[in-house]
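Here is a walk through one protein chain, taken a few pieces at a time. Keep the structure in view and follow each piece as its turn comes.

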Amino acid sequence: MGERGLLVMRVLALGGLLVTLVATHWPRLQLSSEAPSDKVLHAITYGFLTLLVWRATWFARLWQLGGAVVLLASVDEWTQSLPPFFRHTSWNDWTADLVGVAVCVFLLWCSMSARGSTGELRRAVRAASERRLFDRPFTWLAMVTSAAVGALVGGAISVTVSRLLLADERPLQTLFLGAVLFAAMGVDWTVRAGVRAMAKQIIKARLCLQCGGAIDVVGEAGQCPDCGRSWVRQQWVAMPNLWSRDRGRLRRFLLWRIPRAALIAFVVVGSLGMYVWAALMLVDVWFGQRIAVPGDMRDLFAYAYALAWIGLTIRLVRSAVASKQAIEGLECVSCGHLLRGVGVRGGVGVCPECGVEFIARPEADAWRVPTPSSTA
Ligand SMILES: [Zn+2]
Ligand SMILES: [Zn+2]
């Protein structure tokens with residue numbers, strides 16, 4: 001399990017790299033004035049490349065990923081000035097590349113799951129679910145389909161909205177951006193739904209997190225007979241649903257937590273944006289470059305701001321959810337019942353109030369003890 005999906009990711013990342021380098025070095029490439037802004041295309045290209053390289057798992061940390069792609073963008077921009085290509089090096093292009101990388105890295109950070117007491121156990125199940133998902137050809141078909149549907153719907157919506165509400169000077173750019181955004185959202189939604197479904201399978205059928213084989217669970221811990229990966233009984237406890245029993249909690253989230261997160265994110269991203277803007281103005285004045293001023297760069301910064309704002313809002317809302325989930329084992333995540341004194345077997349207990357399983361706290365880390373035969 002996990003080999004085929006990763007291979008496809010790596011092939012895609014290499015393909016993305018190749019397409020990027022060819023597109024930026026194509027001799028005398030001229031875009032028509034109707035086409036999406038050159039800067040927006042730069043940012044989107046480098047944003048997607050960053051995402052593909054991350055999924056290929058060549059880098060373990062986000063800062064390494066960001067550093068590597070920024071380096072690549074710098075070399076790419078520099079080699080364009082070489083004679084055979086008849087292109088030119090531009091500070092604005094390079095800045096647009098950086099904006100794409102920065103937004104992508106920021107959104108990746110926003111989408112990472114927050115830590116909790118049982119977080120690592122949940123993350124291991126999530127990683128196994130993801131590998132299982134991407135190993136299936138059907139997943140890729142579903143992703144392509146949802147991207148296509150998203151692009152059609154997004155293009156239609158954005159063109160309609162901009163026709164009716166705004167005096168749009170670049171309808172093609174709007175069409176393009178709407179299509180890209182909705183395609184990305186479609187793929188994201190498909191992957192999330194798929195990971196949830198795979199996690200359900202793994203938990204229900206008690207599958208090995210390494211090889212996906214079914215495990216005959218006897219006792220509290222053991223090793224997979226096929227691949228030797230150690231397992232603990234707790235890893236098959238499903239994450240309790242926060243919302244199913246507590247309507248008041250859902251209402252508080254919708255009316256108070258989410259608007260508050262959106263406001264905080266607006267202020268934080270806005271302040272960061274102001275620093276970046278001020279730095280670019282300084283560069284403009286200092287070196288006599290024009291980066292912060294041109295209209296297409298302002299467009300790009302506005303899009304980057306909107307994406308970063310949405311991403312941070314989601315991150316803040318999710319960390320509020322995670323802090324509720326982090327009390328698992330002390331308090332029932334599902335109904336709020338206090339669990340002190342409730343009997344636990346093999347690190348797993350059952351809430352006497354609502355009957356939902358929970359992972360007991362002290363043993364929650366036991367699964368991490370490595371065994372000689374385990375393969376990571
Ligand atoms: Zn196994
Ligand atoms: Zn309960």
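**Helices, a sheet and confidence**

The crossing of H2 and H3 is right-handed. This is a predicted model, and the pair is a convenient place to begin reading it. Helix H3 covers residues 62-79, and its axis comes within 10 Å of the axis of H2, the two crossing at roughly 135°. H2 and H3 are therefore oblique to each other. On the H2 side, the residues in contact are Tyr46, Leu49, Thr50, Val53 and Trp54, and they meet Leu65, Val69 and Ala73 in H3. Sorted by class, this contact of H2 with H3 holds seven nonpolar residues, one polar residue and no charged ones.

H2 also packs against a helix that comes before it in the chain. How far apart are the axes of H1 and H2? Helix H1 (residues 3-25) and helix H2 (residues 38-55) have their axes 8 Å apart, and they pack at an angle of about 155°. Because of that angle, H1 is roughly antiparallel to H2. The crossing of H1 with H2 is left-handed, whereas that of H2 and H3 is right-handed. From H1, the residues Met9, Leu12, Ala13, Gly16, Leu17, Thr20 and Ala23 take part, and they meet Thr45, Phe48, Leu49, Leu52, Val53 and Arg55 of H2. The contact of H1 with H2 divides into nine nonpolar, three polar and one charged residues. Leu49 and Val53 of H2 appear in the contact with H1 and also in the contact with H3.

Further along the chain, look for helix H4 (residues 91-111) and helix H9 (residues 295-325), whose axes come within 9 Å and cross at roughly 10°. That angle makes H4 roughly parallel to H9. Among the H4 residues in this contact are Val99, Val103, Phe106 and Leu107, and the H9 residues they face as a group include Leu300, Leu307, Gly311 and Arg315. The classes here are 13 nonpolar, two polar and one charged.

The chain also has strands. Strands of a sheet pair through backbone hydrogen bonds, either parallel or antiparallel. Which kind of pairing does the sheet S3-S4-S5 have? Its three strands form an open sheet in that order, and the pairing is antiparallel. Strand S3 (344-345) and strand S5 (357-359) stand at the edges with a single partner strand each, so one side of each has no neighbour in the sheet. S3 pairs with strand S4 (residues 348-350) over two bridges, and Val348 in S4 is the bridge partner of Arg345.

The last topic is how confident the prediction is. For the protein chain the mean pLDDT is 84, and 88% of its residues reach 70 or more. Among the elements, S3 has the lowest mean pLDDT, 82, and helix H6 (residues 137-165) the highest, 92. Over residues 363-376 the pLDDT is below 50, and beyond near neighbours in sequence this stretch has 29 contacts in the model.

Terms used
Residues are numbered from 1 along each chain as its sequence is written. Chains are lettered from A and ligands numbered from 1 in the order in which they are written. This is a predicted model: local features need pLDDT of at least 70, side-chain atom pairs count only at pLDDT 80 or more; totals for chains, interfaces and linings use all residues. Axes are lines fitted to C-alpha atoms, for helices over the stretch in contact, and angles run from 0 to 180 degrees between N-to-C directions. Helices (H or I, at least four residues) and strands (E, at least two) are DSSP runs, numbered from the N terminus. Angles under 35 degrees count as roughly parallel, over 145 as roughly antiparallel, 65 to 115 as roughly perpendicular and the rest as oblique. A crossing is left-handed if the near helix is turned anticlockwise from the far one by less than a right angle, and right-handed if clockwise. Two residues are in contact if their C-beta atoms, placed from the backbone, lie within 7 Å. Ala, Val, Leu, Ile, Met, Phe, Trp, Tyr, Cys and Pro count as nonpolar, Asp, Glu, Lys and Arg as charged, and the others, Gly among them, as polar. Two strands pair if DSSP finds at least two bridges between them. pLDDT is the predictor's confidence in each residue, from 0 to 100.
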